[in-house]
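Here is my note on the structure you sent over. I have kept it to numbered points so that you can follow along in your viewer.

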Amino acid sequence: MSPSIGRQIAVIGGTGPAGMGLALRWARAGESVIIGSRDAARAEQAAETIRQRIGDSTRVGTRTGVSAPHVSGLENYAACAATDLLVLTIPFGAQATLLKELKTAIRPGSTLIDATVPLAASVGGRASRTLGVWQGSAAEQTAELVPKGVSVVAAFQNLSADVLNGDDDVDCDVIVCSDDSKALAVAMELAVKIPGIRAIDGGKLENARIVEQITALLIGLNIRHKGHGGVRITGLPGTAYRSA
Ligand SMILES: NC(=O)c1ccc[n+]([C@@H]2O[C@H](COP(=O)([O-])OP(=O)(O)OC[C@H]3O[C@@H](n4cnc5c(N)ncnc54)[C@H](OP(=O)(O)O)[C@@H]3O)[C@@H](O)[C@H]2O)c1
């Protein structure tokens, strides 16, 4: 599948397993990815790890002016300012504070894809339980915190980072929710760049509250059965499923 020319995906919190896994898969698909971190050196280290995994030959950074790297690392604020396609992969407990810090860096008109799950683990509780979120979901909290004109999409919450960071196809559907049809289409397009994934339009952003809960169920099942389970939605007409 060909990448979109000139597009850069900034993965905020991209040094963690979820962000690294998504970045790895998109880089493999030919997308240009920026790893975001609170620490620029850590971001660059994560980018180097991905470059090594995909055997990227363009290791010389833009800072030298020699060639644009396929995967680069930047501090989160600079990563947000560098592109209008953002993916958020941070613990729920950090979400509100970080988004407030990044607010002035997020470009008007950006698409922000939120994979955050409000797991109780992010405040010291169990990973198989979720926290109540006043806005209804982590994604709706994000929508409340980003600058006006930024489109928020909820996606990728049900994908196991262990599977994403492997080499096998991902046996999972991605349910994509947004109030903005164009942003939703972008997220669906990115989802199907990961081999094995089917993307499904899950409707309005408010449905993210249900999708986020599924993650807690999956974590519980994976602990109980020692696996890496995902979800497949069956029985919809073929037109409901988008795949590569
Ligand atoms: N892991 C999974 O299998 C999985 C699957 C689906 C969805 N998710 C969701 O995706 C999100 C990320 O998951 P993860 O497992 O990758 O999480 P994580 O490893 O706990 O955190 C991801 C990154 O967030 C940054 N971070 C941590 N605490 C922060 C803070 N207080 N302020 C700002 N940044 C902070 C860290 O990057 P720096 O230290 O480099 O800044 C860290 O590497 C979570 O909401 C999770 O529920 C996870």
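The points below go from the sheet to its strands and then to the salt bridges.

1. A word on the source before anything else: this is a predicted model. Please read the distances and accessibilities below as values computed from that model.

2. Let us begin with the sheet. Nine strands make it up, and it is open, with mixed pairing and the strand order 3-2-1-4-5-6-7-8-9. Strand 3 (71-75) and strand 9 (241-242) are its edge strands, each pairing on one side only.

3. At the strand 3 edge, the neighbour is strand 2 (residues 32-37), and these two strands are parallel, with five bridges between them. If you want a residue pair to click on, V33 has V71 of strand 3 opposite.

4. Strand 6 (residues 151-154) deserves a closer look. Which of its residues point the same way? S151 and V153 point to one side, while V152 and A154 point to the other, and all are buried.

5. Strand 6 has a partner in strand 5 (residues 111-114), and the two pair in the parallel sense over four bridges. D114 is the residue opposite A154 here. The connection is worth tracing too: strand 5, helix 5 (residues 138-145) and strand 6 form a β-α-β unit, and the unit is right-handed.

6. Strand 6 also pairs with strand 7 (residues 173-178), but in the antiparallel sense and through two bridges. A154 turns up again at this pairing, with C177 of strand 7 as its bridge partner. A154 is therefore a handy place to centre your view, as D114 stands opposite A154 and C177 is its bridge partner in strand 7.7. Helix 7 (residues 181-191) lies across a good part of this sheet: strand 1 (8-12), strand 4 (85-88), strand 5, strand 6, strand 7, strand 8 (198-201) and strand 9. Relative to strand 7, helix 7 runs at about 165 degrees.

8. Now to the charged side chains. How many salt bridges does a search of the whole structure find? The search gives eleven. One group forms a network, in which R7, E31, E189 and K193 are linked by salt bridges.

9. D167 takes part in a salt bridge with R28, with 2.5 Å between the closest N and O atoms. D167 sits in the loop between helix 6 (161-164) and strand 7, and R28 belongs to helix 1 (residues 17-28), so this pair ties together parts 139 residues apart in sequence. D167 is exposed, at 56% relative accessible area, whereas R28 is partly exposed, at 36%.

10. D167 also meets R53 in a salt bridge, at 3.1 Å from N to O. R53 is in helix 2 and D167 is in the loop between helix 6 and strand 7, so the two parts they tie together are 114 residues apart in sequence. R53 counts as partly exposed, with 38% relative accessibility.

11. Helix 2 (residues 40-54) holds a local pair as well. The side chains of E48 and R51 form a salt bridge, 2.9 Å from N to O. What separates these two along the helix? They are three residues apart, which means about one helical turn. E48 is partly exposed, at 23% relative accessibility, but R51 is buried, at 3%.

Notes. Residues numbered from 1 in each chain as written. Predicted model: local features only at pLDDT ≥ 70, side-chain atom pairs only at ≥ 80, totals over all residues. Heavy atoms only, no water. Buried < 20%, exposed > 50% of the residue type's maximum accessible area, 1.4 Å probe, protein only. Pairing = 2+ DSSP bridges. Right-handed = clockwise from strand over helix to strand, strands pointing away. Salt bridge = Lys/Arg side-chain N within 4 Å of Asp/Glu carboxyl O. Contact = heavy atoms within 4.5 Å. Axes fitted to C-alpha atoms, helices over the stretch in contact; angles between N-to-C directions.
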